[in-house]
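Welcome to this tour. Open your viewer, get ready to select residues by number, and follow along one stop at a time.

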Amino acid sequence: MATRDRVTIKDVAREAGVSLSSVHLALSGKAGVSEKTRQRILGIAKRMEYTPSPLAASLKRETLTIAVVLPEKNSSSRFYYDFMWDAARDYEPVARDYNLNLFLLEFVDLHKTLAQLDPEAISGLITMGYPEDGCVEAIQRFSGAGVPVILLDNDLDQSGRLCCIKCHNAQLGRLIGELLLDMIRWPAGEILVCAGFKEYPNHYQIIDGLSAYLEEQNVRMPLVREHFHDIGEEPLARLKKALVEHPIVGCCTVNSRSTLVLAQALEELGMAGRIPLIGSGLYMESVKYLESGVVTALINKQPYEQCHQALQMMTDLLVRNESPEVSKVYVGGEVVFRSMLEQYEQISFRKR
């Protein structure tokens, strides 16, 4: 008679409709889930005849280190990457229960920071897939030494990484195109795009998706691309100039920080509410512009969920020897309108 596959904590989480972390907290009797949720999870685990993994129990005798290397906190990129930091800090109690040590490391220059990290000192690496000089070689130093690597946000498949977790950026671009065409009030004009970094796939793939959608819809609206890397007076002046000199009928951004600059430009020119703006990122400053009507909608790329999934996958690999089933894992982006903000009351963007 064939034996039934052992029920795993992932099976319990799927059945309960909660995260792996919630199941672990409920089963271990730790704080972090409500008593009602805890009892429901315990009931499901009992019904499914869940028993702890013998492999996980044996690994309790050995501490393994996962290096999580992310952009520095509270920098100009805080509107996006600080949510990844939140996910890493929230996961630390779960990691400790599995006898995993999270080594959290900030970087300004990813290549230089990874060069200072010893592959022999860690059991797994989670970091960004930056398409910058030296980054592929820096990551290959770990994958070549047998250290599993999970990349976030951008993929560098030639680096030997185990997998990459990111948004499907081309689809996001198509979504932005569909939203803008529904919102634009004039039949002809141009679309202003804050296009981020030219060399970053998570930026230019959004623009590619937007362009492809407009072409498929036979819409002749040229894209006015403005590439800039930070917040400040210079990009603000460029955007205001573009808004004045071009017949702009719609706007969008591919990254979080440019949303603030474009919203400020529209507000200072008295164009707020007249031209639809699809922004990027769900954080305190962007939400304020959404609430005031300067921003029409926000695309949330869910950076918290990207990092959380990476940590869960690395835990599954190191504790249960369960590798990711695919090499690219897509976290779905979501559109947030002003009317939807109430459901996000508990999210940490309210603190930022």
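**Stop 1: two helices that meet**

Select Tyr 80, Phe 83, Met 84, Asp 86, Ala 87, Ala 88, Asp 90 and Tyr 91 in α5, then add Pro 303, Tyr 304, Gln 306, Cys 307, His 308, Leu 311, Gln 312 and Thr 315 in α13: these two groups are in contact with each other. By residue type, this contact between α5 and α13 is made up of 10 nonpolar, four polar and two charged residues.

Now show both helices whole: α5 covers residues 78-97 and α13 covers residues 303-320. Packed helices are described by two things, the angle between their axes and the distance between those axes. Here the axes come within 7 Å, and they cross at roughly 35°. The crossing of α5 with α13 is right-handed.

**A word on confidence**

What you have open is a predicted model. Try colouring the protein chain by pLDDT: its mean is 89, and 93% of the residues reach 70 or more. Where is confidence lowest, and where is it highest? The lowest mean, 48, belongs to helix α4 (residues 54-59), while strand β4 (residues 149-152) has the highest, at 98.

**Stop 2: further along α13**

Stay on α13 and select Leu 317, which is part of this helix. Is Leu 317 buried or exposed? Its relative accessible area is 13%, and under 20% counts as buried, so Leu 317 is buried. Beyond its neighbours within four places in sequence, Leu 317 touches Pro 148, Leu 162, Glu 322 and Ser 323. For a distance to try in the viewer, pick the C-alpha atoms of Leu 317 and Lys 301: they are 16 residues apart along the chain and separated by 25 Å.

**Stop 3: the buried side of α12**

Next, select helix α12, residues 284-292. Its buried residues are Ser 286, Val 287, Tyr 289 and Leu 290. These four lie on the same side of α12, because they cover an arc of only 160° around the axis. In an α-helix there are 3.6 residues a turn, so residues three or four places apart point the same way.

What do the buried residues of α12 pack against? Show α11 (256-268), β10 (297-300) and β12 (334-336) to see their partners. Just after α12 comes Gly 293, with a positive phi near 90°.

**Stop 4: a cysteine in a strand**

Select Cys 194, which sits in strand β6 (residues 190-194). Cys 194 is buried, with a relative accessible area of 0%. Show what surrounds it: setting aside neighbours within four places in sequence, Cys 194 is in contact with Glu 226, Phe 228, Leu 239, Cys 252, Thr 253, Val 254, Ser 258 and Leu 262. Then find Pro 247, which is 53 residues from Cys 194 in sequence and 16 Å away in space, C-alpha to C-alpha.

**Stop 5: the loop between β4 and β5**

Move to the loop between β4 and β5 (163-166), where you will find Asp 153. Asp 153 is not a glycine, yet its phi is positive, about 80°. This residue is buried, at 4% relative accessible area.

Leu 156 lies in the loop between β4 and β5 too, and is buried with a relative accessible area of 5%. Leaving out neighbours within four places in sequence, its contacts are Gly 129, Tyr 130, Pro 131, Cys 135, Val 136, Ile 139, Leu 151 and Arg 161. The C-alpha atoms of Leu 156 and Ser 19 are separated by 28 Å, with their positions 137 residues apart along the chain.

**Last stop: an exposed loop residue**

Finish at Glu 49, in the loop between α3 (35-47) and α4. What is the phi of Glu 49 near? Its value is near 60°, which is positive, in a residue other than glycine. Glu 49 counts as exposed, at 54% relative accessibility.

Key
Residues are numbered from 1 along each chain as its sequence is written. This is a predicted model: local features need pLDDT of at least 70, side-chain atom pairs count only at pLDDT 80 or more; totals for chains, interfaces and linings use all residues. Side-chain values use heavy atoms; hydrogens and water are left out. Axes are lines fitted to C-alpha atoms, for helices over the stretch in contact, and angles run from 0 to 180 degrees between N-to-C directions. A crossing is left-handed if the near helix is turned anticlockwise from the far one by less than a right angle, and right-handed if clockwise. Contact means heavy atoms within 4.5 Å. Ala, Val, Leu, Ile, Met, Phe, Trp, Tyr, Cys and Pro count as nonpolar, Asp, Glu, Lys and Arg as charged, and the others, Gly among them, as polar. Buried means under 20% relative accessible area, exposed over 50%, partly exposed in between (1.4 Å probe, protein chains only). The arc is that of the directions from the helix axis to the C-beta atoms. pLDDT is the predictor's confidence in each residue, from 0 to 100.
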